[in-house]
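Let's take a walk through this model together. Keep the sequence beside you as we go, and we will stop at a few places along the way.

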Amino acid sequence: MSTQVAAKEEIIYPESDGKPMADNTLQAQYIVYLFDGLRALFRDDPNVFVAADLLWYPVEGDPNTCTAPDVMVALGRPKGHRRSYLQWQEDNIPPQVVFEIWSHSNTYRDFVEKLTFYERHGVEEFYLYDPERGHLEGWLRKGDKLVPIEKMDGWVSPRLGIKFTLKGKDLVVYRPDGAPFLSYEELQARYEEAQKRLEQERQRAEQERQRAEQERQRAERLAQRLRELGVEPE
């Protein structure tokens, strides 16, 4: 029967949901902020996978059950590029931590669908940040439910060890060592400042070398003059 009806017909798992990663620059800024910060945090751990806007399919054979968290972290899964996160090919490990950055186009129904999906499919920590309102919420798994975290300002993620704080409306995340996540602009500014300091140190070292060379030449001229006068310099 035509190779068992083409091996029960190959199931296609789309690699895009047709939606943009972000609706606006503010939303994009925080998605990148979290994505880059988490990748940097776990850069030396080969078994932590961090992704942004990647479709996650939790159920084999069901291409309709999927979602694309703004940022997700799968502990225990190797680094590497993926077209989508097919959970049955990932030792059946769901992303343990997911982040959503809300925008004005999102609705309460969107939120309920996200929370229900994450609760049903094994997410342990779900964080939702609305940068326009400066509002941060979180949910932590207890049994088969995701329950609200009472106070998010100062909250430390049990799985990631990162601390969430709000400075005005701005979300600031701190690494376990107390250092804040830095944006690319901040990293570039620090790099340029470090390069400037290195160049200043190089110039100072070169000036010292030149002064030392001038002193050596003066000493040689003085010694030569003393020899001409019949005095042997020590």
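Is Arg216 buried, partly exposed or exposed? This is a predicted model, and in it Arg216 has a relative accessible area of 38%, so it counts as partly exposed. Its salt-bridge partner is Glu213, with the closest N and O atoms 2.5 Å apart. Glu213 is partly exposed too, at 27% relative accessibility. Because these two residues sit three residues apart in helix 4, about one helical turn separates them.

You can find a similar arrangement elsewhere in helix 4 (residues 184-228), where Arg204 and Glu201 are also three residues apart, about one turn of the helix. Their side chains meet in a salt bridge of 2.1 Å, N to O. Arg204 is partly exposed at 41%, and Glu201 is partly exposed at 45%.

The whole structure holds 16 salt bridges. One of them brings together the side chains of Asp91 and Arg77, at 3.2 Å from N to O. This pair links distant parts of the chain, 14 residues apart: Asp91 belongs to the loop between strand 4 (85-86) and strand 5, while Arg77 belongs to the loop between strand 3 and strand 4. Asp91 is exposed, with 61% relative accessibility, whereas Arg77 is buried at 9%.

Now turn to the sheet. It is open, with six strands in the order 1-3-5-6-7-8 and mixed pairing. Strand 1 (48-52) and strand 8 form its edges, each pairing on one side only. On average, neighbouring strands are turned by 15° against each other, direction ignored. Within the sheet, strand 6 and strand 7 pair in the antiparallel sense over six bridges, and Glu125 stands opposite Leu140 in strand 7.

Helix 3 lies across strands 5, 6, 7 and 8, running at about 160° to strand 6. The helix covers residues 108-120 and reaches 18 Å from its first C-alpha to its last, close to the 18 Å expected. Among its buried residues are Phe111, Leu115 and Phe117. The cover over the buried residues of helix 3 includes strand 2 as well as strands 5, 6, 7 and 8. Just after the helix, Gly122 takes a positive phi of about 95°.

Our last stop is Thr65, in the loop between strand 2 (56-57) and strand 3 (71-75). Its side chain makes a polar contact of 2.4 Å with that of Asp62. Leaving aside neighbours within four places in sequence, Thr65 is in contact with Trp56, Tyr57, Pro58, Phe117 and His121. Phe117, one of these partners, is also among the buried residues of helix 3.

Technical notes:
Residues are numbered from 1 along each chain as its sequence is written. This is a predicted model: local features need pLDDT of at least 70, side-chain atom pairs count only at pLDDT 80 or more; totals for chains, interfaces and linings use all residues. Side-chain values use heavy atoms; hydrogens and water are left out. Helices (H or I, at least four residues) and strands (E, at least two) are DSSP runs, numbered from the N terminus. A polar contact is a pair of N or O atoms within 3.5 Å; within protein, one must be able to donate a hydrogen and the other to accept it, and residues adjacent in sequence count only if both atoms are side-chain atoms. Contact means heavy atoms within 4.5 Å. The expected span of a helix is 1.5 Å times one less than its number of residues. Buried means under 20% relative accessible area, exposed over 50%, partly exposed in between (1.4 Å probe, protein chains only). Two strands pair if DSSP finds at least two bridges between them. Axes are lines fitted to C-alpha atoms, for helices over the stretch in contact, and angles run from 0 to 180 degrees between N-to-C directions. A salt bridge is a side-chain nitrogen of Lys or Arg within 4 Å of a carboxyl oxygen of Asp or Glu.
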